Structures are given as C-alpha cells and as structure tokens.
Amino acid sequence: MIQEKKNGNIVAIITMFFIFAMISFVTNLAAPFGTIWKNQYEGANTLGMMGNMMNFLAYLFMGIPAGNMLVKIGYKKTALIAMAVGALGLFTQYLSSLFGANLDVFMLGGFAIKLNFIIYLLGAFICGFCVCMLNTVVNPMLNLLGGGGNKGNQLIQTGGALNSLSGTLTPLFVGALIGTVTAQTAMTDVAPLLFIAMGVFASAFIIISFIAIPEPHLRKGNVEKEKFAHSPWHFRHTLLGVVGIFIYVGIEIGIPGTLNFYLADSSEKGAGLLVDGAAIGGAISAIYWLLMLVGRSASSAISGKISSRTQLIVVSATAICFVLIAIITPKEVTLSMPGYSVDKGFQMAQVPVSALFLVLCGLCTSVMWGGIFNLAVEGLGKYTAQASGIFMMMVVGGGVLPLVQQFISDAVGYMASYWLIIVLLAYLLFYGLVGCKNVNKDIPVE
C-alpha cells in the first residue's frame, strides 16, 4: 500500500512538471509575437505588449474561480479543461492571420486599430484562462506532494526548471520564424508554431486523461462549504506576499520582453541591430529563460538546506546590481553573444553589454516565484487553498507592469524604463528581509 502511494505520487509529480512546461510555452508566445504587432503600429511598444497584457489580465478574472474548480471538480478535470481552452485560444490567435487585416475598428492614440489585432488579443485572453487554471493546479499540488516547507519549494523549483526550458525554446522559435521584422511581417509567419502548440495541447489532453492524479481538496457530494473565522488577508506576510507575486511576475516578464523589443528595434531608439534583430532578440531572450532553468535547477538541489528567505534576499540584491549596470552602460559598448541569423543559423552577434546583464537576471528571477509562494503560505494551514486563488489573481502583474514599462520606454527610452524594475526588485528585497515574517501566529489555522 505504501509503495503504491509512493508510485502514485511520482506519477503525479511528473504530470505536474509537464504542466509547468506547458504554462511557460503558452505564456512566452505573447512577448515575441508583440514584435510583429508593434511594427504594424509604427513601433508602438505599448500596443506591442498588449497581447502579453491580455494574457495576464485573464488571471484577474480566473484566479479565484480556478481555485474553486479544484474543490468542485478536482485537479485532473481542471487541467483537462485548461488544455481545451488553451487550444481554443491558440486557434483564435491563428485566425488573426486570416481575417481583419484591412478592416479598421476604432482609433486609439492616433492608430487605427484593425480587426485582426482585436482577434489576436481575444486569443491571448483565452490563453490566459488556460495558463491560470494550469498554474492553480500545479503550484499547490507540488507543494503538497513535497510535504510543504523547503521540500515543497524544492519540487516547485524543479518544475520551474522545466518551465524555464520551455520558456527558453519559445522566443527562440518565434525569432527564427520572423527573422528581421519588416512591414510585411505578420502572424502568418508564426502560424507553424501555433499549429505545433495546438498539437501539443491535444497530446497533453490525451496523456493526462489516462493518468490518476490525487484529489486532496475535492469535495464529493453535497458537502457544505466550511466557513472560516479568518482569511488569508488577515496574515500580514501573506498580504505582502500577494503584492510580491504581482511584482515578481511583472519583473520576470518585463526584463526579457523589453530586451526583446530593444534588440528587435532597428530605429535609433533600439540596440542598433539592422539585420535579423528579431531573430537575435529571440535568441538572446532565450538565454534569459535558459539561465532561469539553470537557476531553478540549482535551487532545487539546495532548497532542502538553504531557506527560501535566504535565497530571495540574495537574488533580489544581485538582480538590482545587474539591472543598474545595464542602465548606466552605453549601448555603444558591445560584446559578442550567441544569436541567430535566418541565413546562417546560430552565430555570435554583437549586442550592447546591457543585454548580458539583463539576461543574467534570469539566474535571479528563477527562484523568486517558489520562494515568495513558499514564504507567503507558510503557517496558513486551512487557509492555503484560498491563498492560492488570490496568488493566481495577482499574476496579472505580468501584464500590467510590463505594459507600464513599455509606456515608459515609449516616453524616455528602453534602458530608462528599467528603473521601474529596480524599484520592484527593492520591494522583493524588503519582503525577504522583513515582510515575510509571520506576525499573526495567534490565528488558529487547523
């Protein structure tokens, strides 16, 4: 019996790891796709980041309902519904390559917004519902299977490593398909990737259908919902952690997203890459996600001995230093980094030194999600499930904050927009030093 339970847990853990990779694949399509749309709207970075915004906006609406789905229909059915929704969202994005390119719908900031852009944003929004549901499944499940504490964080970081591997490949593939962004670049250029993604979702749906997943929170029958005297909002460290999640996702997406735009921009505002900017930008952004893979793999190995708090403090302080160096280094100071050319394939490309320090931030951001989540739910007991839904809502920060950063970059330049990232990192440093302490231990949680 014990051996069967152990084997069941292993299968469940592997399944959650697989879902973690799917989350990153869908999420990381938005930023590189944005290079296509911003070019179609005369280099408007804010409009280019709107797909990413819609993807994360869905979390605001789906965070708590997704948590309720775990209770009513369980982890497995929630994951299956998420896969079906994800395929629908990707297909809707594909439709934007077929319809509406010549039909103006309304004016916004001097730009005529076309129907195909609206269809694309709708598809991104639908995909956001998918990844929100998947995130709601995978994080508490891995924490539970690991027994909470440092071991729970260790599993989250291991799953995050696969998440980063998927995130590494996505912008690389998009950049390779686009090459150099021109006036003729459109969603039709990345249609093959959308079909591959839909096929992956269909395969995942079939695989998960045949896998048994533990359902610890599933209520069978007409079970009356338990009423609690308190809520996660009554715990200061959880409240501050909720803010931390909002900020962290904005940092994680904002750093490589803006870097990708910067490298792909062949105008004077950009990095000065006149040929294959999108391909090189996609390849270098992929290095950021690859370093997240490295960081999460390292964290999964040491998290059993080094606390989440210590890791969060160290990486927040280090990331502040990296971003500060990137801001103050002139773009004329360059170095060779692995890039991609449509004609010659992988090769070294001359890019500003700032790009190196920004991709190094991937080592730092890699451990932040698991650390914040782990610290924020510590000592919550029966309030943990409610907190998970709230955390999912706050992932909307990955849409809001990068959009704010693009607004700043449109106004004062790409590198100046990274001052926002420094302010956000300073908050995470504060949370690791002070905010994560549970000062509400008098509240009963059993």
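Which residues form one aromatic cluster with Phe117? They are Phe33, Trp37, Tyr41, Phe111 and Tyr120. We'll come back to that group, but some ground rules come first.

This is a predicted model, where local features need a pLDDT of at least 70 and side-chain atom pairs count only at pLDDT 80 or more, while totals for chains, interfaces and linings use all residues. Residues are numbered from 1 along each chain as its sequence is written, and side-chain values use heavy atoms, with hydrogens and water left out.

How confident is the predictor? On pLDDT, its per-residue confidence from 0 to 100, the chain averages 84, and 89% of the residues score at least 70. Among the elements of the chain, helix α16 (residues 418-435) has the highest mean, 97, and helix α1 (residues 2-27) the lowest, 71. Where pLDDT is low, the predicted coordinates should not be read in detail.

Now the overall picture. The chain has 16 helices and four strands; these are DSSP runs numbered from the N terminus, with H or I over at least four residues for a helix and E over at least two for a strand. Of its 446 residues, 59% are buried, where buried means under 20% relative accessible area, exposed means over 50%, and partly exposed is in between (1.4 Å probe, protein chains only). About 17600 Å² is exposed, and carbon and sulfur atoms supply 68% of that; the areas come from the Shrake-Rupley method with a 1.4 Å probe, and for residues only the protein chains shown count as cover. Take the contacts (heavy atoms within 4.5 Å) with a separation of 6 or more: residues 24 or more positions apart account for 82% of them.

Let's zoom in on the hairpin. Strands β1 (residues 104-108) and β2 (residues 111-114) run antiparallel, joined by four bridges; two strands pair if DSSP finds at least two bridges between them. Two residues sit between the strands, and Gly109 in the turn has a positive phi of about 55 degrees. Leu108 stands opposite Phe111, and Asp104 has Lys114 as its bridge partner in β2. In a regular strand the side chains alternate between the two faces of the sheet. Along β2, Phe111 and Ile113 point to one face and are buried, whereas Ala112 and Lys114 point to the other and are not.

Phe111 takes us back to the aromatic cluster. The structure holds 19 aromatic pairs. Rings of Phe, Tyr and Trp (its six-membered ring) pair if their centres lie within 6.5 Å; planes under 30 degrees apart are stacked, over 60 edge-to-face, and the rest tilted. Tyr41 and Phe117 make a tilted pair, at 5.2 Å centre to centre with 50 degrees between the planes. Tyr41 lies in the loop between α2 (30-40) and α3 (45-48) and Phe117 in helix α6 (residues 115-145), so this pair ties together parts that are 76 residues apart in sequence. Phe117 also stacks with Tyr120, at 6.5 Å centre to centre and 25 degrees between the planes. Those two sit three residues apart in α6, about one turn of the helix. Tyr41 and Phe117 are both buried, and Tyr120 is buried as well.

Helix α14 (residues 384-394) is largely enclosed by the rest of the structure, because eight of its 11 residues are buried. Its buried residues, including Ile390, Phe391 and Met392, pack against α4 (50-72), α6, α9 (236-264), α13 (368-377) and α15 (397-412).

Two more buried spots are worth a look. Thr365, in helix α12 (residues 353-365), counts as buried at 0% relative accessibility. Not counting residues up to four places away in sequence, Thr365 touches Tyr248, Ile251, Tyr288 and Met292. Tyr431, in helix α16, is buried too, with a relative accessible area of 0%. Leaving aside neighbours within four places in sequence, the contacts of Tyr431 include His237, Leu240, Ile372 and Cys436. Tyr431 and Gly244 are 187 residues apart in sequence, yet 7.4 Å apart in space, C-alpha to C-alpha.

Finally, there's a charge over a ring: Lys269 lies over the face of Tyr414, at 5.5 Å from the ring centre. The criterion is NZ of Lys or CZ of Arg within 6 Å of the ring centre and within 35 degrees of the ring normal.

Terms used. pLDDT = per-residue confidence, 0-100.
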